[in-house]
Protein chains: 2
Amino acid sequence: MKRKITLKQIARELDVSISTVSKALRNSDEISEDTKQKIQAFAKLYNYRPNNIALSLKNRKTNTIGIIIPEIVHHFFSMVISGVENVANNRGYNVIVGLSNESFSKEVINMEMLANGSIDGFILSISKETQQLQDYHHFNETMSQGMPIVMFDRVVSDIKCDKVIVDDLKGSKNAVEKLITSGCKSIALITTKDYVSVGKLRTQGYLEALHEHKILPKAELILKMDDTLDYEVHLDALESEIEQLFKTNKTIDGIFAVNELYALSAMKVARKLGLDIPKDIQVIGFTDGVLSKHATPSLTTVSQHAQQMGETAANLLIDKLEKEFDADTEEEFKTVVIATELIERESSR
Amino acid sequence: MKRKITLKQIARELDVSISTVSKALRNSDEISEDTKQKIQAFAKLYNYRPNNIALSLKNRKTNTIGIIIPEIVHHFFSMVISGVENVANNRGYNVIVGLSNESFSKEVINMEMLANGSIDGFILSISKETQQLQDYHHFNETMSQGMPIVMFDRVVSDIKCDKVIVDDLKGSKNAVEKLITSGCKSIALITTKDYVSVGKLRTQGYLEALHEHKILPKAELILKMDDTLDYEVHLDALESEIEQLFKTNKTIDGIFAVNELYALSAMKVARKLGLDIPKDIQVIGFTDGVLSKHATPSLTTVSQHAQQMGETAANLLIDKLEKEFDADTEEEFKTVVIATELIERESSR
DNA sequence: CAACTTAACGCAAACGTTTTCGTGTTAAAA
DNA sequence: TTTTAACACGAAAACGTTTGCGTTAAGTTG
């Protein structure tokens, strides 16, 4: 159970000073070839590695980035992490994960835990509760201390920071247009209540698509679910609402849902009612996850390129971290929009 | 862009020494009430928080644990992380994530990156490549430096460390017995090649169940897929193999698959061949994920309680970290077995 | 031979804490 | 008045690095 060896121990063992050892290992030409060789050999033998914590303290730089997300058991978010991890590792950074579980206080606590020197910057997607409370003091405080933040997906426009978003409006508009050009006349929308920014935008895209094709939107074709509570729990409620929707609107021939699960539920109910997909009803969902790919019929979806979002966010953050030189030039913040892509599968034609 | 305030700055500002400030903030009775109040008020005003890195260096303890997993875009692993994060946070620890992507070298590099002081201990599940190469030097080296490791799910018996596993054998045996008692006479197995420990055990469970019910296993009913390459890629190959299986063995009335995707593929093929589930063929899978729950028909699976595995692993690790006092008493390692549970859904009866 | 350069190394500060051990002041006890 | 004890605080070491600068000895130059 020998502890990791330190410079001091090497120095004592070889009867030189600590600085000599340090310089020798960094191949400084202040040190003679002889001693360098001796020290390097010894260090290699004992598998010396500089202590990261000491380095962090000295350099005031941890080479670690924190990522705060609402939940991790979620295809989209785990894909984002995967992207972040990927470029972070390649650029010499570690990733430390915090989960808010959609709770405001956990988000705040998590950020405070990490903001005290543990990391160099944040990548985050804000929780639903934070979006509702509209309390953003923790973001401002963090940034005022010189710690950069990159927000992704669920962002807030009031905060000045780098952002990576998806064009929710355009993505859903495209999807609905696809339904229209495929012959749908009566398209229903299954969405969430409005306080979540992305849900709002997707609803708007739906409306714009209808408008541009001179189709009058009907209120009874729009189903707004309350997703404050975990939606898995309310699956039954969802399904019965959808069934109601179908039964009172026999003309429905297309469905656009703002997430995978809503779309799948719609398909399930449709099948139960004896409707064929995509012959009688076409379905398109938002968010491309495992469910869409492996459902039968497989689901046409709007892909958000989650991994690419993570990669972009990580690059933005690290770029910012690595050129903090300009003290006076006004800091500028970018907003990168990741293009969505319609992945066509069996649920549409 | 004011940096975070330090003890030194407070000391200078209030014209006292650094140690006085430190003691005052920790409410030491060495300091007079007056100065304590003054210092605490000042610290609160400037929102002083001790620098974590400095604390880590001083205490030789980072209060951070590292978790290395093969991939994160995977229901099982993200559930485990969720469990780890949960107890870690409650016990005052942070979690830093490393992905091996099933690669030996990435696993080694990731561990080396973290082992140099960044974390206090590891929780990990080894990559497929490591399992094949059977090269475990990085685990031994890490542990010989006094850094504890907890392995979960994919463990290696040669290594002496804490482990959290699932009773793969018993779990799959139960599942197959369930099929038998539900009337299945001819049960096929869809599994992976043998080098992955868990696949091997699940196969064994299948065989034992058959044996105990006096059913002779037939080689032609066992389909062994090569999953070294990403299985999503080989989905087509999988399906055609399963189709072949069905066509050459018309008697099959039950399927046990060692993971979700295999089970889903089997259901898909069965339906394509006009077979009804669960009337003609019953299907049970291992690993309870989103796919199983939302498939139609929903899939009966063996749940591994992934979150609980993560929680258990984290508790084991932190327990070990927080009682390193006994220097001589022989260190002992626990292996916790998490009971599996058969989640009955529509694909069986 | 005196003055100067150069090579090779050590000292010490710094990063931000905590904590042990002084030390000076004041008040109480002898 | 002298001794003692309590009180309130500061100095310094330690955690493990890196680095600017000082120092020594040898060698070089005029």
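Two residues are in contact if their C-beta atoms, placed from the backbone, lie within 7 Å. On that basis A:Ile123, leaving aside neighbours within four places in sequence, is in contact with A:Ile65, A:Ile67, A:Val84, A:Val150, A:Phe152, A:Ala313, A:Ala314 and A:Leu317. The model is predicted. The points below cover the nonpolar cores, the relation between chains A and B, the surfaces near the DNA strands, and some local features of chain B.

**Nonpolar cores**

- The largest nonpolar core has 90 residues, and within this core A:Ile123 and B:Ile123 touch the most other members.
- A second core, separate from that one, has 74 residues. Its members include A:Leu210 and A:Tyr262 from chain A, with B:Leu221 and B:Ala257 from chain B.

**Relation between the chains**

- A turn of 180° with a shift of 0.0 Å along the axis lays chain B on chain A, at an RMSD of 0.0 Å. This is the relation of a two-fold axis.
- The C-alpha of chain B nearest the axis belongs to B:Ile96, at 2.0 Å from the axis.
- B:Ile96 is also the bridge partner, in β2(B), of A:Ile96. The two strands concerned, β2 (residues 94-99) of chain A and β2(B), run antiparallel and are joined by three bridges.

**Interface between chains A and B**

- In the contact between the chains, 39 residues of chain B meet 39 residues of chain A.
- On the side of chain B that touches chain A, two or more residues come from each of α4, α5 (75-90), β2 (94-99), α6 (104-115), α12 (260-272) and α13 (290-294) of chain B.
- α5(B) gives the largest share of that side, with six residues.
- The side of chain B that touches chain A is made up of 18 nonpolar, 15 polar and six charged residues.
- The copies meet through the same surface, because 100% of the interface residues of chain B are also interface residues in chain A.

**Surfaces near the DNA**

- DNA strand C is surrounded by 26 residues, of which the closest are A:Ser17, A:Ser19, A:Thr20, B:Ser19 and B:Asn51.
- Two or more residues of the surface near DNA strand C come from each of α2 (18-25) and α4 (52-59) of chain A, and from each of α1 (7-14), α2 (18-25) and α4 (52-59) of chain B.
- By class, the surface near DNA strand C holds 10 nonpolar, nine polar and seven charged residues.
- DNA strand D is likewise surrounded by 26 residues, and the closest to this strand are A:Ser19, A:Asn51, B:Ser17, B:Ser19 and B:Thr20.
- For DNA strand D, the elements that give two or more residues are α1 (7-14), α2 and α4 of chain A, with α2 and α4 of chain B.
- The surface near DNA strand D divides into 10 nonpolar, nine polar and seven charged residues.

**Strand pairing within chain B**

- Strand β9 (residues 282-286) and strand β10 (residues 300-303) of chain B run parallel, joined by three bridges. One pair of bridge partners is B:Gly285 and, in β10(B), B:Thr301.
- β10(B) also pairs with strand β12 (residues 341-343) of chain B, in the antiparallel sense and over three bridges. Here B:Val302 has B:Leu342 of β12(B) as its bridge partner.

**B:Val155**

- B:Val155 lies in the loop between β4 (149-152) and β5 (162-166) of chain B.
- B:Val155 counts as buried because it has 21 C-beta neighbours inside 10 Å, the threshold for a buried residue being 20 or more.
- Not counting residues up to four places away in sequence, B:Val155 touches B:Lys163 and B:Ile165.
- From B:Val155 to B:Pro50 the C-alpha to C-alpha distance is 38 Å, with their places 105 residues apart in sequence.

Notes: Residues numbered from 1 in each chain as written. Chains lettered and ligands numbered in written order. Predicted model: local features only at pLDDT ≥ 70, side-chain atom pairs only at ≥ 80, totals over all residues. Near = placed C-beta within 6 Å. Helix = DSSP H or I, 4+ residues; strand = E, 2+ residues; numbered from the N terminus. Nonpolar A, V, L, I, M, F, W, Y, C, P; charged D, E, K, R; others polar. Core = buried A, V, L, I, M, F, W, Y, C linked by C-beta atoms within 7 Å. Buried ≥ 20, exposed ≤ 12 C-beta atoms within 10 Å, placed from the backbone. Pairing = 2+ DSSP bridges. Least-squares fit on C-alpha atoms with pLDDT ≥ 70 in both.
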